[in-house]
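Student: I would like to go through this model by question and answer. Please start with the sheet and then move on to the core.

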Amino acid sequence: MPVGEQTMSGFVCGIDTGGIFTDCVVLDPDGLTEYLDLLERDGSVLFACARCGRLLCPPSENYKGHAHRIERPIQAANPLIGDLKRFIDAEVLFHQFCCLACSGLIENDVCRAGYPLL
Ligand SMILES: [Zn+2]
């Protein structure tokens, strides 16, 4: 099927820049999120970076585990937070998850230190 052709379920994509998907159908033409797509390739459904198309993982896995994670204190998200110890004893972290291919931001989250990925 030609690249760029619209099908009943989305668009056929053909980006191929080393590790980037080829011959995938975008299942959500509007994007799952602004930075995350859901694709179908050879009968498998996969998350992918919406910027460059790098495949991340199937929906049964946490895509954040397949991205580069930047972990910083919560104050990095907003310096106006100040001393968080006034509100909570636990260390709270600000995570940014970026695409391993294009380094674009995929997702942010906030969680307690030592907790598994949300
Ligand atoms: Zn990317």
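Student: What is the order of the strands in the open sheet of three strands?

Tutor: This is a predicted model. The sheet is open and its pairing is antiparallel. Its three strands come in the order 6-7-8.

Student: Which strands stand at the edges of this sheet?

Tutor: An edge strand here has a single partner strand, so one side of it is left without a neighbour in the sheet. Neighbouring strands are turned against each other by 20 degrees on average, direction ignored. The strands at the edges are strand 6 (68–73) and strand 8 (105–112).

Student: How many bridges join strand 7 to strand 8?

Tutor: Strand 7 covers residues 92–98 and runs antiparallel to strand 8. Within this pair, valine 92 has arginine 112 as its bridge partner, and histidine 95 stands opposite aspartate 109. The number of bridges joining the two strands is seven.

Student: Which residue of strand 7 stands opposite histidine 68?

Tutor: Strand 6 and strand 7 pair in the antiparallel sense, over six bridges. The residue in strand 7 that stands opposite histidine 68 is cysteine 98.

Student: Which residue takes a positive phi in the hairpin of strand 7 and strand 8?

Tutor: This hairpin has six residues between the strands. The positive phi is near 70 degrees, and the residue that takes it is serine 103.

Student: Is alanine 90 buried or exposed?

Tutor: Alanine 90 is found in the loop between strand 6 and strand 7. A residue counts as exposed if 12 or fewer other C-beta atoms lie within 10 Å of its own. Alanine 90 has 12 such atoms within 10 Å, so the answer is exposed.

Student: Leaving aside neighbours within four places in sequence, which residues is alanine 90 in contact with?

Tutor: The C-alpha atoms of alanine 90 and cysteine 111 are separated by 9.7 Å, with the two residues 21 residues apart along the chain. Outside those sequence neighbours, the contacts of alanine 90 are Arg112 and Ala113.

Student: Which strand gives the most to the largest nonpolar core?

Tutor: The largest nonpolar core has 17 residues, and Ala48 and Leu56 have the most contacts inside it. At least two residues each are supplied by strand 2 (24–26), strand 3 (36–41), strand 4 (44–49) and strand 5 (55–57). With four residues, the strand that gives the most is strand 4.

Student: Between which domains does this core lie?

Tutor: Residues of this core come from both domains, so it lies between them. The two are domain 1 (11–63) and domain 2 (64–112).

Methods:
Residues are numbered from 1 along each chain as its sequence is written. This is a predicted model: local features need pLDDT of at least 70, side-chain atom pairs count only at pLDDT 80 or more; totals for chains, interfaces and linings use all residues. Two strands pair if DSSP finds at least two bridges between them. Axes are lines fitted to C-alpha atoms, for helices over the stretch in contact, and angles run from 0 to 180 degrees between N-to-C directions. A residue is buried if 20 or more other C-beta atoms lie within 10 Å of its own, exposed if 12 or fewer, and partly exposed in between; C-beta atoms are placed from the backbone. Two residues are in contact if their C-beta atoms, placed from the backbone, lie within 7 Å. A nonpolar core is a set of buried Ala, Val, Leu, Ile, Met, Phe, Trp, Tyr and Cys residues joined through C-beta atoms within 7 Å. Domain bounds come from an automatic or database domain assignment.
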